[in-house]
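Here is a model to look through by question and answer. Each answer sets a value beside its definition.

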Amino acid sequence: MLLLVPLAIPVLGAGLILCFRNPRVATRVALLLGALEIGALGAVVWQVHARGELRQGLYLRADGLSSFFLMGIAFISGLVLVYASGYLRHMGEGRFSSPRWFYALVFLFLFTMISVCLSANLGFLWIMMEGTTLASALLVGFYNTEGALEAGWKYLVVCTVGIAFALFGTIVLYLAAVKAGMSPAAALDWVSLMDAAPRIGLDPHLVKLAFVFVIVGYGTKVGFVPMHSWLPDAHAEAPTPISALLSAVLLNCAMYAVMRYDAIVSRAVGPAFSHTLLLIFGVTSMVVAGLLILVQQNLKRLMAYSSIEHMGIIAIGLGLGGPLGLFGALLHAFNHSVAKSLLFFGAGNVRHHVHTLRIDGIRGISRSMPQTSAALLVGGLAIVGLPPFSLFISEFAILSEAFAQARYLVVILFLVVLSVVFGGFAFHFFRMLCGEPDRDAENSRLIPSEYIAMGIAGSCLLFFGARIPYLFGLLLREAMAVLQ
Amino acid sequence: MGLVGIATEKILSSFSVFLFLTILLLAVARRISTCVLLFSLQSAVITAEVLATAFQEKLVGVYVVGLLVFAIKVVAIPRAFFLLTKRLKTVRDVKASTTPTQSVFIAVAMIYLSYAAVHSYGQAVQVPDDALAAAISLILTGAFLMVSRKKALMQMLGLLVLENGIFLAALITTFGMPLVIEIGIFFDILMGLLLMGIFTFRISDTFEHLDVSKLRRLRG
């Protein structure tokens with residue numbers, strides 16, 4: 001029963017919000033539902049911690065790995081809802097672009113992502129992963145401008161084709177499982193597949209073929225290069241709270257799916273095959289995105305390419321494996337989502353006050369909007385991996401694992417890209433923060449909702465950099481235990 | 001075994017011919033409405049294959065899937081497409097970036113490629129080579145249509161052809177996935193098409209054309 005509650009709240013809530021035409025009422029209802037949802041997810045995480053595993057029927061299941069990602073979803077979506085409550089204050093009443101439609105679609109989007117993390121069945125996982133694309137496509141095209149429509153169409157088509165490949169991979173794995181003597185009903189169930197993995201691995205060809213299709217398919221949603229073309233467009237054109245959700249939650253959910261498959265394939269045919277593929281995709285994404293960061297002209301596209309780079313880092317951590325690599329990858333997934341939400345919130349404020357996101361059009365914001373600049377600076381320092389922020393710890397863990405395994409090529413590329421990205425961010429941020437502002441922006445003080453969202457994200461980055469809270473560490477270890 | 005039994009046994013590989021035929025015709029078709037009709041025919045062939053599998057393996061769930069395929073892909077989706085083309089009042093040409101001759105050659109090359117690809121896997125999986133090759137070439141053709149036709153509607157159609165290929169591959173190798181999952185997948189496809197329909201309306205409102213190759217403001 002416990003697993004049905006966090007799925008029921010967003011679906012029913014989405015319907016409920018649509019009933020309120022008044023934007024202020026709709027916003028309050030959304031915040032209330034968000035608080036309820038966080039409570040429900042917290043209860044699931046707590047029960048998983050107490051009992052080790054929760055199951056509901058054939059298709060729903062939560063273990064340590066799911067609860068780690070659910071915690072991330074709850075945290076980030078809470079921040080995003082709070083931030084959005086202030087961000088949408090300028091939005092008028094359009095046909096499908098009013099606050100109530102926005103919140104209803106956000107809750108449907110949350111529903112699909114939570115279902116991804118709660119699915120016990122790989123077929124169900126696929127259905128919900130496609131659901132995330134469908135639920136968020138309208139949000140990407142929400143502003144209905146030419147750019148937003150182009151981004152939305154591209155997002156829908158590229159991701160649907162990508163996901164179709166993942167479906168093919170799922171079918172091939174199913175075929176391998178059935179051929180290995182599993183019953184058709186159990187051959188898509190993750191736990192049964194894990195149990196039977198050594199048996200399935202006796203015929204390694206099909207398992208490997210399945211993983212190739214799955215990593216290309218779900219990798220499209222993760223944003224691995226070269227399947228990343230939708231990502232910068234969607235992130236740049238979507239309303240800012242949605243950019244934060246896409247970057248901080250959706251990409252992690254797709255990575256979660258890759259992890260589930262990686263676990264099965266590693267057990268079936270040994271870790272070498274899947275981990276090598278993850279390393280290749282990870283390093284390619286990191287290098288290409290790191291170089292493209294240098295030439296960006298739009299603040300939100302800059303953040304989007306940085307997301308691709310960080311997904312590459314996570315993939316490298318997974319590909320290296322080992323306790324430190326896995327620790328680093330999972331911690332980095334969480335840290336990146338916090339830092340990136342903070343940066344997107346900052347970018348949203350800049351857009352509201354300067355009315356552009358072109359980097360060469362933004363000047364001297366450290367004078368005209370000091371609080372937002374402080375948030376951007378904290379986020380920027382954190383995202384390039386400087387101490388004392390938490391991303392330093394996770395990147396350092398992944399790097400030490402690479403050193404321990406004597407993978408010097410990975411180490412060198414990793415360090416080079418990190419320095420390039422540092423240079424790129426320093427260059428872009430210096431141009432935006434310093435100098436004389438074009439005109440005195442009035443009313444640049446943060447409103448409470450922005451203050452709360454950015455304050456929590458920033459202090460979380462700093463706090464996690466100093467020490468990892470005990471409870472969080474416990475959940476992280478439980479998540480690692482599932483994968484090892 | 002009766003005559004029906006023998007017929008159903010052979011249907012998977014012999015019907016591949018019809019699928020190859022639709023692939024080649026899709027490559028040369030110049031009008032969107034022709035392509036929609038061809039997709040409908042292709043789905044009808046696949047329906048027959050599903051029903052034959054259900055008859056042979058005596059699986060009730062597969063009959064249900066067959067009915068779903070018929071209702072959705074042979075009837076509902078083509079009708080929706082015709083409605084959409086009427087409402088959008090768009091030019092009926094597919095706006096291909098390759099000439100019909102080139103397209104046919106590419107389609108033939110892809111069919112050949114599929115046979116080469118399944119040759120090694122076909123024996124391992126114990127399914128007829130022809131059927132698997134037809135499935136793979138449907139996937140390739142779908143992808144080809146998506147990249148070479150400029151109209152938004154043709155990209156949707158290419159996606160459907162690609163999905164037909166994946167569906168056929170699942171059918172012949174595993175007799176389909178469990179029923180609940182299959183229904184979920186159908187639901188996703190329908191929702192996806194609905195959304196793409198919404199987007200085509202918005203694109204034609206905003207840009208006054210449906211040529212997605214002209215959507216290229218966002219780069220780099």
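Q: How far apart do the C-alpha centres of domain 2 of chain A and domain 3 of chain A lie?
A: They lie 23 Å apart. This is a predicted model, where local features need pLDDT of at least 70, side-chain atom pairs count only at pLDDT 80 or more, and totals for chains, interfaces and linings use all residues. Residues are numbered from 1 along each chain as its sequence is written, while chains are lettered from A and ligands numbered from 1 in the order in which they are written.

Q: What makes these stretches domains of chain A?
A: The bounds come from an automatic or database domain assignment. Chain A is divided into domain 1 (1-120), domain 2 (121-268) and domain 3 (270-484).

Q: How many residues does the contact take from domain 2 and domain 3 of chain A?
A: Domain 2 of chain A gives 27 residues and domain 3 of chain A gives 32. Two residues are in contact if their C-beta atoms, placed from the backbone, lie within 7 Å.

Q: Which element of chain A gives the largest share of the domain 2 side that touches domain 3?
A: That is α10(A), with 14 residues. Helices are DSSP runs (H or I, at least four residues), numbered from the N terminus.

Q: How is the domain 2 side that touches domain 3 of chain A made up by class?
A: It has 16 nonpolar, nine polar and two charged residues. Ala, Val, Leu, Ile, Met, Phe, Trp, Tyr, Cys and Pro count as nonpolar, Asp, Glu, Lys and Arg as charged, and the others, Gly among them, as polar.

Note on methods:
Helix = DSSP H or I, 4+ residues; strand = E, 2+ residues; numbered from the N terminus.
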